[in-house]
Amino acid sequence: MSDGKIRCGWVNESKPHYVHYHDHEWGVPLHGDQKLFEMLILEGAQAGLSWETILKRRDNYRAAFKDFDIAACAAFTDEELEARMSDEGIIRNRLKIWSVRKNALAFIAIQTEFGSFDAYLWRFVDGAPKLNRPQTLKDVPASTPESDALSKDLKKRGMSFVGSTILYAYMQAVGLVDDHVATCFKAAK
């Protein structure tokens with residue numbers, strides 16, 4: 001049952017987890033490195049799938065990848081990564097699973113260079129969220145020059161599953177970009 005709020009068109013209001021994600025997470029600026037790492041891994045896992053597929057499995061991902069502890073993910077052995085291939089609670093794609101360790105190692109290198117991943121990441125939007133107010137979902141781009149630049153740089157640093165489209169979705173998810181459509185109740189905030 002609807003609560004009377006107007007939301008972005010991608011939200012299926014019959015799915016409470018989707019409504020909660022939209023209302024409380026999507027487009028909200030994040031600054032903690034562990035949460036930024038979690039969302040980076042989840043957005044990469046989503047490649048080729050629906051966000052709902054990953055969102056419903058988020059707790060399973062947290063269990064499989066030690067609550068996205070960056071150092072623990074960087075220290076996974078080949079055997080530990082291979083064991084996740086039998087975990088039915090996550091997407092059992094070998095490249096995506098093995099990218100967790102690879103991306104954690106690159107993430108740590110970025111933290112070392114910039115003091116935090118947060119400091120590195122927010123440079124791509126000059127330190128403040130880009131507030132867009134698209135009129136419809138059709139007005140929301142799949143990528144932008146900022147996501148292109150972030151993608152290029154993360155690939156150069158050795159990360160996988162960081163294409164520009166994935167990273168634009170990531171930028172939306174962690175609040176670097178706020179793409180709530182103009183009619184959405186969140187756009188008025």
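These exercises, each with a worked solution, walk through the predicted model shown above.

Before starting, note that residues are numbered from 1 along each chain as its sequence is written. Because the model is predicted, local features need pLDDT of at least 70 and side-chain atom pairs pLDDT 80 or more, while totals for chains, interfaces and linings use all residues, and side-chain values use heavy atoms, without hydrogens and water.

**Exercise 1. Describe the fold of the protein chain and its overall dimensions.**

Solution. Start with the secondary structure, taken as DSSP runs numbered from the N terminus (helices are H or I with at least four residues, strands are E with at least two). The protein chain has 10 helices and two strands. Their order along the sequence is α-α-α-α-α-α-α-α-β-α-α-β.

Next comes size. The C-alpha trace spans about 50 × 35 × 25 Å along its principal axes. The radius of gyration (over C-alpha atoms; the globule rule is 2.2 Å times the number of residues to the power 0.38) is 17 Å for the protein chain, which agrees with the value near 16 Å for a compact globule of 189 residues.

Finally, look at the packing. Of the 189 residues, 48% count as buried (buried is under 20% relative accessible area, exposed over 50%, partly exposed in between; 1.4 Å probe, protein chains only). Among contacts (heavy atoms within 4.5 Å) with a separation of 6 or more, 66% join residues 24 or more positions apart.

**Exercise 2. Classify the ring pairs F37–F68 and F114–Y120.**

Solution. First, the rule: rings of Phe, Tyr and Trp (its six-membered ring) pair if their centres lie within 6.5 Å; planes under 30 degrees apart are stacked, over 60 edge-to-face, and the rest tilted. By this rule the count comes to 13 aromatic pairs.

Now take F37 and F68: their ring centres are 6.3 Å apart and their planes stand at 70°, so the pair is edge-to-face. F37 belongs to helix α2 (residues 33–46) and F68 to the loop between α4 (58–64) and α5 (70–74), so the pair ties together parts 31 residues apart in sequence. Both F37 and F68 are buried.

For F114 and Y120, the centres are 5.1 Å apart and the planes are at 55°, so this pair is tilted. F114 is partly exposed at 26% relative accessible area, whereas Y120 is buried at 0%.

To finish, place the pairs in context: F37, F68, F114 and Y120 are among the residues that ring pairs link into a cluster, including also Y61, F65 and F76.

**Exercise 3. Compare the phi angles and settings of F68 and D126.**

Solution. Recall the background: most residues other than glycine have a negative phi. F68 has a positive phi of about 60° although it is not a glycine. D126 also has a positive phi, near 55°.

Then check the surroundings. F68, in the loop between α4 and α5, counts as buried at 0% relative accessibility. D126 lies in the loop between α8 (117–122) and β1 (130–131) and counts as exposed at 75%.

**Exercise 4. Which residues does A106 contact, leaving aside its neighbours within four places in sequence?**

Solution. Begin with the location: A106 sits in helix α7 (residues 94–114). A106 is buried, with a relative accessible area of 6%. Leaving aside neighbours within four places in sequence, A106 is in contact with R157 and M159. As for A83, 23 residues from A106 along the chain, the two C-alpha atoms are separated by 22 Å.
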